[in-house]
Amino acid sequence: MSRSDLLLKIATRTSAALSATVVLLILGFLFRDAAPALREIGLSRFLTDPSWHPLYGHFNLTPMIVATLATSLGAVILAGPLGIASGVFVHFYAPSALAAWHRRIVELLAGIPSVVFGLWGLTVLAPMIAIWGGSGQNLLTATIVLALMVLPTVAVFADNAVAAVPSESIRGAAALGVERWGIIWNIVLPQARTGIIAGVVLAMTRALGETMAVLMLAGNVVEMPTSLLSPGRTLNANIALELGYASTSHRSVLFVSGLILMLVVSLIVTAISWRRRSGQ
Amino acid sequence: MRRFLPLVLVSFLLATLCGCSDAPQSDVSGKGESNLSGKLTLTGSSTIAPLITEIARRFEELHPDLRIDVQTGGTGKGIADTRIGVADIGMASRSLKPDESDLITHQIAADGVGLIVHESNPIEGLTAEQVISIYLNQANNWNEVGGDKDEITVVHKAEGRATLEVFLKQFSIDNTRVKADVIVGENEHAIKTVAGTKNAIGYVSIGTAEADIQAGVPIRLLPLDGIEASTATVSSGEFPMSRPLNLITADEPPQTAMEFIRFCQSTGVHDLIRSNFFVPITSEPDVAQ
Amino acid sequence: MTNTSSIKTGSPRSSGHRTREYAAGIFIWFAASVVMAILAWIVVDITVRGLSQISLSYLINNVADAGRSGGIGPVILSTILILLVTLATAVPLSMASAIALTEQVGHDSLLARYIRLSLDVLSGVPSIVFGLFGNVFFTITLGLGYSILSGGLTLGCMVLPILIRTTEQAINSVPVEHRHAAAALGLSRSTTLFRVVLPAAAPALAAGIVISMGRALAETAALIFTAGYVARTPESVFDSGRSLSVHIYDLAMNVPGGGPRAYAAACVLVGMLLVINGATALLLKVAGFRIAPHFGARR
């Protein structure tokens, strides 16, 4: 092994180790500040207390966990097909110029701040959804805007994944007379599956981690949502809403909710990677 | 790939070193008796931060060697930071609680809390009982409190906010009994919600509401028990709901900090307080608690 | 730039296939149009509300009256500095990590799986938790204080997952024939990497970087607690400085009467995004790469 190869080996492995450590640091930080609440209140009360009124000693997080899962899953269900379609579009359907524009648009969408999405949702989308009653600030509005926010992630991964399919597969199928959608569905998408799934997972975690836009649009009422048109509060919105004004013990409770969110994220991510492994 | 690296590094270094500062340089003819220097850090309420930033700029012009950095993060953070010394002064948009009595309060302004409805809502005003019945979900329709027939969309604040605590205290409501349709964090969120929903009702900082009404946002401030809600009535003391805007220090603050606090409490900044739609307090400074 | 519009695909052989083709085409065009239309809607909304406030002096002057008058010069400078710090930390780190994941460590080894898992979990950390973490770790523990450096480092951590994953994907999409050819020529591992694989993966790499920068530009909560709120012109990366997104948030949600200026700043932000996109495409072109990922990844 040449010296440059050795250097490469050291540099890359150290970097990878460093990258993997960041999340441990963050988890440690969350745990440190959550510990007091965990000790004094105990984990079960976070699921069984009568309601969420921390200043009155009630700490039930369940409605918020449900709202978090509902909005994130909904966002991925919407953004997934749209993102994959976007990736297929730029390679198979769009003329070169339009494909370039489409890519530019997707990149722009990725850079719009959550507060701008929130404002647009609040002033444009919510009044439209309010036709079905109330203020329009509910899980549906939040899910739609969240889908828009994670769409670029899926689209970029789909775009790159489709591009990575060897052109021989495609030309071969075309030479055999397979039509366009047949090629896409039977040849391209299966081979692009790994990349697309990586994009969907990242989109899901991004949706789970989004705070500001959801806070501005979901209604923030802590009650078990009964439909998509019910208002709801996600765990992140809760932290953002209450942290700035919380006393030390209240703060600790909020950090517990942060830990629980991380637990949910880890479970989902592990479950997906297990399924993939067994599915292969 | 390699070709870009030098370019990136160079531009990074340039940006770091150039620091084209066009910060206002006042004359060297020493304004003010003593020229303070060093750095002051304030953290806390994002409601007060814009006002303090403007006051700080004016103060920096009087003391060119002094730099004042204003950060946000919420009242709770401001208090916590002041206690451990990360901040010299904390900004709090409420009065201190009993378990915060190790800190000193210096009030610099007041801010009223008023009820708002959509501009098109014909209701003339509400009594305390009516407000309570709306928020406890006993009255669900505007025609039950003297308005047109329409559902009431109740907008409420998140726990811990000073506006919420003033509201609950005024009407002696227990927060666990409130039934809201939308819960908001910032005043602007409440205003935008009410502006976009014709049958909504909410309560916000009177100053922020007045600013937005002036800018044409379609909301109205509602009189409470016959008393109009405006910065004028808050200033005169007629209007009952208001919260103090405070600067907080630990036991022995540095002299620079005290000088700045005195400046914030002086009449010389009343124009800034008014232009940020708060109410200047006219009684003497330093309400030590 | 080739895409499969240039490959002649077959024609449907039965009415069932024909309907499928037709329906698929409609869905794809519909989906793509929705994406483009929504962005256009948002951008038009911002522009209509904010463009009138923008002028050259607006882009250069200092912030005045809590942002309701004056300009956003210092804010733009702070934003650029924050982005540079983010790039400087995240790009080398993620590229090296991605190379480790694709070339060094076995693809399915326990270590690789653990690293990918931790990155996925990292991407789920809420932005406000990143802000609080950055506040404790960078500003207090590492002693950097509220500074552009703290903000950039925090954002660097935030974009690691997406940057590493896209880089990994880009490297993996280089056809294996390239590596075989390099091996046949007797090139060392590192030479193959830097002279053959990475250049071939350049367009996809660039796409990942642009998306990450967009993500960094869009971040607000994490920066409030690290780079801070100060609207003064920063003199170095050790000074606190507010980014464009923090400025927009403050004007929209905190400062009474700050609405129109918030939209104006949002327009400037969209403008910056366009500049970044355009500059990246230009750089790629000038360096002789293809601008977009496409089949075969051949130069």
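Trainee: In this predicted model, how many residue pairs are in polar contact between chain A and chain C, counting pairs with both at pLDDT 80 or more?

Mentor: A pair counts when an N or O atom of one residue lies within 3.5 Å of an N or O atom of the other, with one able to donate a hydrogen and the other to accept it. Both residues must also be at pLDDT 80 or more, and the count between chain A and chain C is then 12.

Trainee: Which helix of chain A gives the most to the side that touches chain C?

Mentor: By class, this side of chain A has 66 nonpolar, 23 polar and 14 charged residues. One helix, spanning residues 3–41, gives 20 residues to this side, the most of any. That helix is α1 of chain A.

Trainee: Which side chains meet in a salt bridge between chain A and chain C?

Mentor: The count between these two chains is one salt bridge. Its N to O distance is 3.5 Å, and the cut-off is 4 Å. The partners are R20(C) and E179(A).

Trainee: What area is buried between chain A and chain C?

Mentor: The size of an interface is often given as the accessible area lost when the parts come together. Here carbon and sulfur atoms give 73% of that area. The total is about 9000 Å².

Trainee: Which element supplies the largest share of the lining of the largest cavity?

Mentor: The largest cavity has a volume of about 500 Å³ and is lined by 30 residues. Of these, 16 are nonpolar, nine polar and five charged. The largest share, four residues, comes from α10(C).

Conventions:
Residues are numbered from 1 along each chain as its sequence is written. Chains are lettered from A and ligands numbered from 1 in the order in which they are written. This is a predicted model: local features need pLDDT of at least 70, side-chain atom pairs count only at pLDDT 80 or more; totals for chains, interfaces and linings use all residues. Side-chain values use heavy atoms; hydrogens and water are left out. On a 1 Å grid over the protein atoms alone, a cavity is a set of points where a 1.4 Å probe fits but cannot get out, and a pocket is an open set with protein on both sides within 12 Å along at least five of seven lines; lining residues have an atom within 4 Å of a point. Grid points are joined across faces, edges and corners, and a volume is the space filled by probe spheres set on the points. Helices (H or I, at least four residues) and strands (E, at least two) are DSSP runs, numbered from the N terminus. Ala, Val, Leu, Ile, Met, Phe, Trp, Tyr, Cys and Pro count as nonpolar, Asp, Glu, Lys and Arg as charged, and the others, Gly among them, as polar. Buried area is the accessible area (1.4 Å probe) that two parts lose on being put together, summed over both. A polar contact is a pair of N or O atoms within 3.5 Å; within protein, one must be able to donate a hydrogen and the other to accept it, and residues adjacent in sequence count only if both atoms are side-chain atoms.
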